[in-house]
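Notebook open, coffee poured. I want to look up the fold, the rings, the charges and the surface, in that order.

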Amino acid sequence: MIRGLPTVLTPDRQATVALWSAKTLMVAYRAPQFGPRPRPEEEVILPAAPERLHRDRALGPTMLMALANYQPTKYAREPFFTQTFERMEHDTGQSSYCATLKIGHFVAQLVRLPDGMYPPARQPPPHLALLQPGGSSVHWPPPTPVRAGAEWKVFAHLPERTGT
């Protein structure tokens with residue numbers, strides 16, 4: 001996946017990829033180079049999330065993991081590994097949080113929705129493969145890649161506000 005090669009993620013493999021990706025993002029989020037800690041209500045990854053992930057071997061009920069295929073440019077040198085942590089405010093006063101991990105062609109996005117908000121039941125956009133451990137198999141890479149440059153910036157960084 002890191003090299004961009006296609007694979008089928010069975011429900012068991014989806015669980016493994018989701019847990020590994022979430023763990024990697026959680027470790028990066030707690031790293032000292034991330035900077036000062038935000039207020040508890042603004043945490044992208046709550047302090048209890050790693051404990052729950054370890055105990056339950058599953059993402060929490062308001063967390064979802066999606067995968068994308070990153071297409072680098074042929075001309076620019078790019079970092080092999082990057083991560084971002086973003087917050088998006090909703091008109092309801094609640095916030096969503098998104099942590100994005102890119103390693104080579106492999107991109108994982110961990111989204112924490114506000115309490116009481118659940119992922120939509122509709123199909124994800126063509127550039128995302130939504131992991132549903134215990135559900136049906138998922139084909140990776142998704143049909144549409146996320147390209148380097150402006151497309152990547154829009155994908156990796158949440159808007160500051162949304163009307164939902």
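**Burial and layout.** I started with burial: of the 164 residues in the chain, 41% are buried. Note to self that this is a predicted model. Next I looked up the secondary structure and got 3 helices and 9 strands. Reading from the N terminus, I wrote the order down as β-α-α-β-β-β-β-β-β-β-α-β.

**Strands β3 and β4.** How do β3 and β4 run relative to each other, parallel or antiparallel? They run antiparallel, and I find 9 bridges joining β3 (residues 81–90) to β4 (residues 95–103). To pin down the register I picked Gln83, and its bridge partner in β4 is Leu101. The two strands make a hairpin with 4 residues between them. I also checked the turn: Gly93 sits there with a positive phi of about 95 degrees.

**Rings.** I searched for aromatic pairs and the count came to 3. The one I looked at in detail is Tyr70 with Trp152: the ring centres are 5.0 Å apart and the planes meet at 80 degrees, which is over the 60 degree cut-off, so I log the pair as edge-to-face. Where along the chain do Tyr70 and Trp152 sit? Tyr70 is in strand β2 (residues 63–71) and Trp152 is in helix α3 (residues 150–156), so this pair links distant parts of the chain, 82 residues apart. Both Tyr70 and Trp152 are buried. Phe155 joins in as well, since ring pairs link Tyr70, Trp152 and Phe155 into a cluster.

While I was on Tyr70, I looked for a charge over its ring. Lys102 turned up: its charged end sits over the Tyr70 ring, 4.5 Å from the centre.

**Leu64, also in β2.** I stayed with strand β2 for one more residue, Leu64. Is Leu64 buried or exposed? Its relative accessibility is 16%, which is under the 20% cut-off, so I count Leu64 as buried. I then took a C-alpha distance from Leu64 to Ala18: the two are 46 residues apart along the chain, and their C-alpha atoms are separated by 8.7 Å.

**Salt bridges.** How many salt bridges does a search of the whole structure find? I get 2. One of them is Arg55 with Asp56, where the closest N and O atoms are 2.9 Å apart. Arg55 has 58% relative accessibility, over the 50% cut-off, so it goes down as exposed. Asp56 is at 39%, so I mark Asp56 as partly exposed.

Arg87 with Glu89 is also a salt bridge, and there the closest N and O atoms are 3.3 Å apart. I checked accessibility here too: Arg87 comes out at 32% and counts as partly exposed, and Glu89 at 31% is partly exposed as well.

**Surface patch.** Last lookup: nonpolar side chains on the surface. Which residues form a nonpolar patch there? Ile2, Phe80 and Phe81 do, with about 290 Å² of accessible area together. Ile2 comes from the segment before β1 (7–9). At a relative accessible area of 36%, which falls between the 20% and 50% cut-offs, Ile2 is written up as partly exposed.

Conventions. Residues numbered from 1 in each chain as written. Predicted model: local features only at pLDDT ≥ 70, side-chain atom pairs only at ≥ 80, totals over all residues. Heavy atoms only, no water. Phe/Tyr/Trp six-rings, centres within 6.5 Å; stacked < 30°, edge-to-face > 60°. Buried < 20%, exposed > 50% of the residue type's maximum accessible area, 1.4 Å probe, protein only. Lys NZ or Arg CZ within 6 Å of the ring centre and 35° of its normal. Patch = residues over 30% accessible without salt bridge, like charges linked within 9 Å, V, L, I, M, F, W, Y side chains within 5 Å. Areas by Shrake-Rupley, 256 points an atom, 1.4 Å probe, with all protein chains shown as cover. Salt bridge = Lys/Arg side-chain N within 4 Å of Asp/Glu carboxyl O. Pairing = 2+ DSSP bridges.
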